[in-house]
Amino acid sequence: MTILLETVKPPSSGILDVMLHVQANIQVSPLSARRLVSVHVGNEIADLLHGDIPDLVIRTDGAYWRVPVVLSSPTHGRLGIVGAVDVNV
């Protein structure tokens, strides 16, 4: 799992000093977030789309699972990531 800090703006050079304390009540598992996104994009956008392994994203407004949306073909397999959906944890 990867944790992304979206609100941290690193300097173009020099020292980056990050102090991190995060408290989040995670009520949606990464697997549940992936399933929710797979069902949503498959039903609402296209049947060849599905969710992939999410990353945990920490922003000033909360914590989210960022679920990549993947396009796959029955004949060509996985074609690539075409977007992402953030699911509130």
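Ile81 is exposed, with a relative accessible area of 54%. In this report, a residue is exposed over 50% relative accessible area, buried under 20%, and partly exposed in between (1.4 Å probe, protein chains only). The model is predicted: local features need pLDDT of at least 70, side-chain atom pairs count only at pLDDT 80 or more, and totals for chains, interfaces and linings use all residues. Residues are numbered from 1 along each chain as its sequence is written, and side-chain values use heavy atoms, with hydrogens and water left out.

**Strand E4 and its partners**

Ile81 belongs to strand E5. Helices (H or I, at least four residues) and strands (E, at least two) are DSSP runs, numbered from the N terminus. The C-alpha atom of Ile81 is separated by 4.4 Å from that of Val70, although the two residues are 11 apart along the chain. Val70 is part of E4, where it stands opposite His50.

Strand E4 covers residues 62-73, and 9 of its 12 residues are buried, which leaves the strand mostly covered. The strand has pairing partners in E2, E3 and E5, where two strands pair if DSSP finds at least two bridges between them.

With strand E5 (residues 77-88), E4 pairs in the antiparallel sense over 10 bridges. One of the contacts is that of Leu71, whose bridge partner in E5 is Gly80. E4 and E5 form a hairpin, with 3 residues between the two strands.

Strand E3 (residues 55-59) also runs antiparallel to E4, and 5 bridges join the two. Here Ile58 stands opposite Ala63 in E4. A hairpin of 2 connecting residues leads from E3 to E4. Strand E2 (residues 49-51) pairs with E4 over 3 bridges, again in the antiparallel sense. As a general point, side chains in a regular strand alternate between the two faces of the sheet.

**Charged contacts**

Side chains of opposite charge can pair when their charged atoms come close. A salt bridge is counted here when a side-chain nitrogen of Lys or Arg is within 4 Å of a carboxyl oxygen of Asp or Glu. The structure holds 5 salt bridges. Among them are the following.

| Salt bridge | Closest N and O atoms |
|---|---|
| Arg34 and Asp52 | 3.6 Å |
| Arg78 and Asp52 | 2.7 Å |
| Arg59 and Asp61 | 3.0 Å |

Asp52 appears in two of these rows, once with Arg34 and once with Arg78. Arg78 lies in strand E5 and Asp52 in the loop between E2 and E3, so this salt bridge ties together parts that are 26 residues apart in sequence. Asp52 counts as buried, at 14% relative accessibility, whereas Arg78 is partly exposed at 49%. Arg34 forms a salt bridge with Asp52, and this pair likewise links distant parts of the chain, helix H1 for Arg34 and the loop between E2 and E3 for Asp52, 18 residues apart. Arg34 is partly exposed, with a relative accessible area of 29%.

Arg59 takes part in a network of salt bridges that links it with Asp61, Arg66 and Asp86. Arg59 is partly exposed, with a relative accessible area of 23%. The charged end of Arg59 also sits over the ring of Tyr64, 4.1 Å from the ring centre. A charge sits over a ring if NZ of Lys or CZ of Arg is within 6 Å of the ring centre and within 35 degrees of the ring normal.

**The helix and the nonpolar surface**

Val41 is found in helix H1 and is buried, with a relative accessible area of 1%. Between Val41 and Tyr64 there are 18 Å in space, C-alpha to C-alpha, and the two are 23 residues apart in sequence.

A nonpolar surface patch of about 560 Å² is made by Ile3, Leu5, Val8, Leu16, Val18, Leu20 and Val22. Patches are made of residues with over 30% relative accessible area and no salt bridge; like charges are joined within 9 Å, and nonpolar side chains (Val, Leu, Ile, Met, Phe, Trp, Tyr) within 5 Å. Accessible areas come from the Shrake-Rupley method with a 1.4 Å probe, and for residues only the protein chains shown count as cover. Val8 has its place in the loop between strand E1 (3-5) and helix H1 (30-44). Val8 is partly exposed, with a relative accessible area of 30%.
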